[in-house]
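I opened this structure for a first look and kept short notes as I went. My entries follow in the order I made them.

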Amino acid sequence: MNSNQQSNSPTTGAAPSVRSVLNQVDGSIRLPALFFVVAAILWLVVGTAFSLISTLQSYLPDFMSSCEFITYGRLAPAAANALLFGWTCNVIFALGLWIIARLSLAPIPSGGLLLVAGLFWNLGVKVGLFGILAGDLTTAEGLEFPGYATPILLFAYTLIAVWGVMAFRARQGEGVFVSQWYILGALFWFPWFYTVAQFMVVWFPARGVVQSITSAWYTGNLLNLWLAPMALATAYYVIPKVLGRPIHSYNLALLGFCSLALLGSWTGVAQLIGGPVPIWVSSVGIVASVMMIVPVMTNSLNLYLSVKGAGTELWRSPALRFVVFGVTAYFLASMIGSAMTFRSVSEILHFTTFASGQSLHLSYGFFSMVMFGGLYFMVPLLTKVEWPSAGLITVHFWGSALGITISVVALMLSGWMTGHQMNDAAVPFMDVVLTMTTWLKVGTVGTLCLTIGHLAFAVHFLWMLFVTVSRQAKQKSILLDSASKEGAA
């Protein structure tokens with residue numbers, strides 16, 4: 001570990017000089033970071049409400065069907081995009097930029113730039129969602145926003161990425177941390193694959209199967225080169241800070257990063273197995289998906305060895321509890337995803353809800369749970385106020401953990417059973433529908449649990465902000481009274 005890494009390690013981070021600099025860093029990014037957190041939580045609640053309604057509509061087609069704006073064909077993609085571009089991206093901007101600034105040990109006095117970017121980003125999300133609900137959407141997964149919403153998002157993202165690069169360039173010393181590798185990589189990867197997909201699918205649609213290949217390539221990049229790096233960066237930052245000890249191995253972390261960067265972009269095209277595309281395209285996706293075992297196992301093992309023996313701290317720290325749950329989900333979901341790409345397995349599970357369950361396992365069970373842990377660690381440092389209620393943290397954790405477990409198991413079992421039924425010509429199609437309906441109803445229970453957990457988190461965060469504002473008002477009042485007394489004397 002070089003000198004810069006030593007100065008920033010948790011074991012030496014308690015030095016007064018380091019604490020002073022970190023306080024300055026927190027002060028420079030406090031307002032924009034909290035803005036992104038507020039926006040993320042608002043979109044999380046909106047997306048969860050849309051998801052709950054669309055889940056009911058998936059087996060109750062007459063539910064709230066009198067208004068075309070909230071029919072399943074519009075509400076389901078609206079829910080997915082509210083969570084993807086609203087919750088996911090806002091929480092990435094909050095945590096990712098805060099972490100990179102803290103590791104750089106350099107206050108960046110350009111918070112106004114982030115606030116402007118945040119306003120434009122969330123404006124773009126609103127425009128995109130209104131476009132979807134109005135029926136002006138595309139058919140590509142993750143690209144449903146109408147073409148006129150994307151320039152707003154890209155403009156906002158440019159400002160955010162510029163701030164991230166500025167924070168990194170202002171770092172003290174020459175060392176670069178694991179979390180910074182992943183954050184900077186993701187900041188450069190996202191505009192690349194998102195812009196390419198917009199050009200070839202939305203703005204100037206390519207002809208023939210090129211659209212399908214681009215769309216599948218985009219979804220793989222979204223999971224592996226945007227969500228996964230940001231969640232891993234958060235895990236690699238929070239675990240050492242909570243436990244007060246360094247990451248187990250920088251060499252394993254480097255192997256995990258390089259292999260993810262090399263393989264992550266190619267896994268999406270494995271979705272096209274059996275489709276009207278050149279056989280080598282899907283074969284490349286299969287090979288990449290199987291080889292993804294390397295970065296997944298490397299990072300999972302490294303993080304496991306970093307928390308090994310910290311069972312007591314695991315349950316005492318809400319941040320660590322969420323992060324460890326997420327890392328475990330990352331390992332399980334990725335192993336299942338690699339197995340799904342074998343042709344003998346794909347012929348059963350393709351076109352079923354199994355793939356949706358595996359994607360949800362990664363995007364929520366891994367990404368969202370890790371980011372919740374990051375928020376439980378970051379927000380008290382920004383507000384200088386501890387979380388007020390241990391009970392609400394417990395409700396949030398178990399609501400989220402049970403909710404994602406029930407939802408994923410229901411979708412995967414539904415996919416497994418209906419996949420076998422659809423491959424049996426003797427099984428009537430209505431039997432397939434009844435099997436799927438049964439498991440979709442079970443999945444609704446999972447969505448209800450997630451809703452309870454999200455509401456508990458939103459209420460808890462608002463409570464914390466109220467306590468923060470009240471404390472600041474009280475301190476300001478005391479200072480004013482003291483000044484007035486001194487003036488009278």
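**Entry: a pair within one helix.** I looked up R316 and E313. They sit three residues apart in helix α11 (residues 311-316), so about one helical turn separates them. I found a salt bridge between R316 and E313, with the closest N and O atoms 2.4 Å apart. I checked the cover on each partner. R316 counts as exposed, at 58% relative accessibility. E313 counts as buried, at 18%. The cut-off for buried is under 20%, so E313 falls on the buried side.

**Entry: how far to trust this.** I noted that the model is predicted. The average pLDDT of the chain is 90, and 94% of the residues score at least 70. Residues 1-14 have a pLDDT below 50, and this stretch has 30 contacts in the model beyond near neighbours in sequence.

**Entry: the other salt bridge.** How many salt bridges does the count give? I got two. One of them joins the side chains of R102 and D26, at 3.0 Å from N to O. This pair links distant parts of the chain, with R102 in helix α3 and D26 in helix α2 (residues 16-57), 76 residues apart. I then asked whether R102 is buried or exposed. R102 is buried, with a relative accessible area of 7%. D26 is also buried, and its relative accessible area is 0%.

**Entry: the core.** I turned to the largest nonpolar core, which has 137 residues. Which of its members touch the most others? I listed F85, W121, F193 and W226. Helix α7 (residues 210-243) supplies the largest share of this core, 19 residues. I followed W226 and left aside its neighbours within four places in sequence. Its contacts include C89, I92, F93 and Y157. A186, L187, F190, F193 and N221 are also in contact with W226. I marked F193 twice, since F193 is on the list of core members above and also touches W226.

**Entry: a nonpolar patch on the surface.** I looked for nonpolar side chains at the surface. V116, F120, L123 and F155 make a patch of about 330 Å². Helix α4 (residues 111-133) gives the most to the patch, with three residues. I picked F120, which lies in helix α4. F120 is partly exposed, with a relative accessible area of 35%. The partly exposed range runs from 20% to 50%, so F120 falls inside it.

**Entry: two positive phi angles.** I checked the backbone for positive phi outside glycine. L105 has a phi of about 55° and is not a glycine. Where is L105 placed? I found L105 in the loop between α3 (72-104) and α4. L105 is buried, with a relative accessible area of 13%. F351 also has a positive phi, near 65°, and is a residue other than glycine. I placed F351 in the loop between α13 (343-349) and α14 (354-383). F351 counts as exposed, at 75% relative accessibility. The cut-off for exposed is over 50%, so F351 qualifies.

**Entry: one leucine and a distance.** I looked up L301 last. L301 lies in helix α10 (residues 293-307). L301 counts as partly exposed, at 41% relative accessibility. I took the distance from L301 to W163, C-alpha to C-alpha, and got 33 Å. In sequence, L301 and W163 are 138 residues apart.

Technical notes:
Residues are numbered from 1 along each chain as its sequence is written. This is a predicted model: local features need pLDDT of at least 70, side-chain atom pairs count only at pLDDT 80 or more; totals for chains, interfaces and linings use all residues. Side-chain values use heavy atoms; hydrogens and water are left out. A nonpolar core is a set of buried Ala, Val, Leu, Ile, Met, Phe, Trp, Tyr and Cys residues joined through side-chain atoms within 4.5 Å. Buried means under 20% relative accessible area, exposed over 50%, partly exposed in between (1.4 Å probe, protein chains only). Helices (H or I, at least four residues) and strands (E, at least two) are DSSP runs, numbered from the N terminus. Contact means heavy atoms within 4.5 Å. pLDDT is the predictor's confidence in each residue, from 0 to 100. Patches are made of residues with over 30% relative accessible area and no salt bridge: like charges are joined within 9 Å, nonpolar side chains (Val, Leu, Ile, Met, Phe, Trp, Tyr) within 5 Å. Accessible areas come from the Shrake-Rupley method with a 1.4 Å probe; for residues, only the protein chains shown count as cover. A salt bridge is a side-chain nitrogen of Lys or Arg within 4 Å of a carboxyl oxygen of Asp or Glu.
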